[in-house]
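Please find below my notes on the model you sent round. They are set out as numbered points, for reading beside the coordinates.

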Amino acid sequence: MEKELFTSNPNTAYDSCQDSKPLEIYLFIDPLCPECWALEPIIKKLQIEYGQYFSLKHVVSGRLSALNACKKDNYSTIAELWEKTASRTGMSCDGSVWFENPIVSPYLASIALKAAELQGRKSGLRFLRKLQEMLFLEKQNVATFEVLKECAKDVGLDVIEFVADIHSETASKAFQCDLRITSEMEVSESPTLVFFNENIEEEGIKITGYYSYEIYVQIIEEMLQVIPEKAEPPSLEAFLKCFKLVASKELSVVYNKSIQEIEREMKKLQLKQLVEQIPAKYGMFWKYID
């Protein structure tokens, strides 16, 4: 595990409200990265159990996993990586998209994410999740304006404003700000998490790659220098109502249950017509019925 120390927290112009939580975590992502997608269950669990102790800032790293995908020679390599990631982590992603609907302009998805964030942090997070679902599950080319507009519409963004913002200097500057933070923190891979505490004189800790949940909890404990109180997760129904579409894997991680136990519970909710079963190439997803 790569674990690096930083002497201070760079005070950037990154747009995020400051709060009184003792820790600050920078999560460096690439919207097209399967390991960032695979980290979703762990991030959800961290936010539920220990979210009272940290603020989370998503940063688009600019180290785009599909940067070289314009060359057809690389499609099979990327597709194989996606399949291996899905098989290893349990978060489905279908590598056949690189043969059926390849993403040839990876930067557009990142700029679109910054444009979505201009309508609010929560809007940006909803857009990111929907973009990942459309890419990894539905095999959509998320580097086309048609798909990006559909994504924006599905999560309730003002689509006209969103399209204008994609072409705006504001979104471009926001992306450049993320790239500057990435450079300052010497981030070269996605995902990467950088942990800071409220004492700017103390070192931060950088963790590169995908690791087990316990590793991230250990770092939080180390940064707090106490054993934090763990919050209980909400009911399954409340969780589904909040996130709309979730994998059995995500529920398994959050609720500390086996996939089999989770799917038994979900089938009970399905009989009550509260959820719809969505099969994926690897595992199962569940859609909340409003």
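The points cover confidence, two helix pairs and one sheet.

1. Confidence. This is a predicted model. The protein chain has an average pLDDT of 89, and 89% of the residues reach at least 70. The exception to note is residues 6–18, where the pLDDT is below 50; this stretch nevertheless has 37 contacts in the model beyond near neighbours in sequence. Where pLDDT is low, predicted coordinates should not be read in detail.

2. Helix 2 against helix 10. Helix 2 spans residues 40–50 and helix 10 residues 213–224; their axes cross at roughly 40° and come within 10 Å. The two helices are therefore oblique to each other, since angles under 35 degrees would be needed for roughly parallel. Their crossing is right-handed.

3. Residues of that contact. Helix 2 contributes I42, K45, L46, E49 and Y50, which meet Y213, Y216, V217 and I220 of helix 10. Sorted by class, the contact of helix 2 with helix 10 holds seven nonpolar and two charged residues, with no polar ones.

4. Helix 6 against helix 7. Here the axes lie 9 Å apart, and helix 6 (residues 121–136) packs on helix 7 (residues 145–154) at an angle of about 130°. That angle makes helix 6 oblique to helix 7, because roughly antiparallel is kept for angles over 145. This crossing, of helix 6 and helix 7, is right-handed.

5. Residues of the second contact. On the helix 6 side are F127, K130, L131 and M134; on the helix 7 side they meet V147, L148, E150, C151, A152 and D154. The contact of helix 6 with helix 7 comprises seven nonpolar and three charged residues, and no polar ones.

6. The sheet. Three strands form an open sheet in the order 6-8-7, with antiparallel pairing. Strand 6 (245–247) and strand 7 (275–279) are the edge strands, each paired on one side only. From one strand to the next, the twist averages 25°.

7. Strands 7 and 8. How many bridges join strand 7 to strand 8? There are five, and the two strands run antiparallel, with strand 8 covering residues 284–288. P279 is opposite M284 of strand 8, while V275 has Y288 as its bridge partner in that strand. In a regular strand, side chains alternate between the two faces of the sheet.

8. The turn. Strand 7 and strand 8 make up a hairpin with four residues between them. Within the turn, G283 has a positive phi of about 85°.

Note on methods. Residues numbered from 1 in each chain as written. Predicted model: local features only at pLDDT ≥ 70, side-chain atom pairs only at ≥ 80, totals over all residues. Heavy atoms only, no water. Axes fitted to C-alpha atoms, helices over the stretch in contact; angles between N-to-C directions. Parallel < 35°, antiparallel > 145°, perpendicular 65-115°, else oblique. Left-handed = near helix turned anticlockwise from the far one by under 90°. Contact = heavy atoms within 4.5 Å. Nonpolar A, V, L, I, M, F, W, Y, C, P; charged D, E, K, R; others polar. Pairing = 2+ DSSP bridges. pLDDT = per-residue confidence, 0-100.
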